Amino acid sequence: MRVKRQKCHRKSVRFYTSCFGFRQPFKVLCDGTFVHHLIANTIKPADTAISNILSAAPVKLFTTRCVLAELKRLGTSYFQALEAAHQLFTVSCDHEKNKSADACIKDVIGQNNPEHFFVATQDTDLRKKFQEIPGVPIIFGLRNSLFLEPPSAFQRQFVKTSEEARLHMTELDRKMLQKRSRYRSVDEEANNSSGENEDFVDQKIGIQDERKPPTARKAMSVKDRVQFKRKKAKGPNPLSCRKKSHEKPKLVLEKEKKDSENSARSRSRKRKRSRGGKKIAEKDG
């Protein structure tokens with residue numbers, strides 16, 4: 001039984017989040033009767049008990065100044081409920097004078113519940129009243145357990161009609177669509193007229209080209225376009241090159257000296273041989 005109840009609660013919370021924009025952390029507006037029921041049945045802590053119903057993170061509990069004033073007027077029997085209500089967040093009331101708790105909560109909720117409050121109350125008349133307002137989920141207590149009322153038939157019908165209205169086109173959308181269609185038709189007509197003029201001009205130019213005789217340039221098969229030549233590799237920049245030195249390097253000079261010395265030696269040896277041969281010849285003679 002408890003599992004089925006949790007499924008129903010999750011389904012109701014999903015309905016309000018998807019259709020009316022409720023977001024976490026959820027805000028719960030409590031009246032004096034609900035706070036008194038929590039204390040009488042020792043449902044503590046209240047925020048965790050309500051968060052278990054909504055299957056959400058810790059919720060924020062609110063009340064109004066008029067609810068606090070009403071609990072104060074009820075006397076000592078509601079003293080503990082008054083102390084517990086003082087620990088809740090207080091919603092600012094727009095009315096100057098204090099009203100009854102029911103009237104104050106109705107003013108806070110308004111026609112469409114702009115602040116997305118969950119209303120926690122034990123008042124049956126107030127619960128029936130909020131079932132006729134779209135987007136007002138109701139929490140109530142039964143003995144030591146809490147319940148979330150499923151969406152009423154009026155709320156479901158409101159969601160259905162609003163979805164159907166979104167699908168249909170409004171008068172403003174229809175007017176905008178007509179204006180766009182007119183502008184589009186005017187643009188298409190302008191494009192068609194310009195295209196016909198261009199075709200006529202092209203035909204005229206073709207006739208004139210056929211009548212013209214071939215020019216000398218065409219007869220000589222000279223090309224009008226510029227022919228780009230490939231760039232060839234050029235030599236080095238003479239200004240950036242080093243000038244040639246006329247002086248011979250040291251190695252070359254040393255080599256020439258050695259060659260000259262060797263030639264001189266070879267010559268002197270030949271001379272010595274020739275002299276010796278002459279002397280020998282003279283002796284023989």
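## Helices, pockets and a buried isoleucine

The crossing of α1 and α8 is left-handed. That is our way into this structure, which is a predicted model. From this helix pair we move on to two pockets, then to helix α3, and finish with a single residue, I105, in helix α6.

**How α1 and α8 meet**

- Helix α8 covers residues 153–167, and its axis comes within 11 Å of the axis of α1.
- The two axes cross at roughly 35 degrees.
- On the α1 side, the residues that meet α8 are F15, Y16, C19 and F20.
- Their partners in α8 are Q155, R156, F158 and V159.
- Sorted by class, this contact has 6 nonpolar residues, 1 polar and 1 charged.

**The largest pocket**

- The largest pocket has a volume of about 420 Å³.
- Its lining is made of 19 residues, and those nearest the centre are A46, L61, A84, Q87 and L88.
- Four elements each give two or more residues to this lining: α2 (32–40), α3 (46–54), β2 (60–64) and α5 (79–86).
- Which element gives the largest share of the lining? It is α2, with 4 residues.
- The lining of the largest pocket divides into 13 nonpolar, 2 polar and 4 charged residues.

**The second largest pocket**

- The second largest pocket holds about 270 Å³ of space.
- It is lined by 14 residues, and R2, R5, A49, I53 and L146 are the closest to its centre.
- Two or more lining residues come from each of α1 (2–20), α3 and β6 (145–148).
- Here the classes are 5 nonpolar, 6 polar and 3 charged.

**A look at helix α3**

- Helix α3 gives two or more residues to the lining of the largest pocket, and it does so for the second largest pocket as well.
- The buried residues of α3 are A46, A49, I50, S51, I53 and L54.
- Among them, A46 is one of the residues nearest the centre of the largest pocket, while A49 and I53 are among the closest to the centre of the second largest pocket.
- Just past the end of α3, S55 has a positive phi of about 55 degrees.

**Zooming in on I105**

- You can find I105 in helix α6, which spans residues 101–109.
- Is I105 buried or exposed? It counts as buried because its relative accessibility is 1%, and the cut-off for buried is under 20%.
- Beyond its neighbours within four places in sequence, I105 is in contact with L29, D31, V67, V119, L126 and F130.
- I105 and C66 are 39 residues apart along the chain, and their C-alpha atoms are separated by 8.8 Å.

Definitions and conventions
Residues are numbered from 1 along each chain as its sequence is written. This is a predicted model: local features need pLDDT of at least 70, side-chain atom pairs count only at pLDDT 80 or more; totals for chains, interfaces and linings use all residues. Side-chain values use heavy atoms; hydrogens and water are left out. Buried means under 20% relative accessible area, exposed over 50%, partly exposed in between (1.4 Å probe, protein chains only). Contact means heavy atoms within 4.5 Å. On a 1 Å grid over the protein atoms alone, a cavity is a set of points where a 1.4 Å probe fits but cannot get out, and a pocket is an open set with protein on both sides within 12 Å along at least five of seven lines; lining residues have an atom within 4 Å of a point. Grid points are joined across faces, edges and corners, and a volume is the space filled by probe spheres set on the points. Ala, Val, Leu, Ile, Met, Phe, Trp, Tyr, Cys and Pro count as nonpolar, Asp, Glu, Lys and Arg as charged, and the others, Gly among them, as polar. Axes are lines fitted to C-alpha atoms, for helices over the stretch in contact, and angles run from 0 to 180 degrees between N-to-C directions. A crossing is left-handed if the near helix is turned anticlockwise from the far one by less than a right angle, and right-handed if clockwise.
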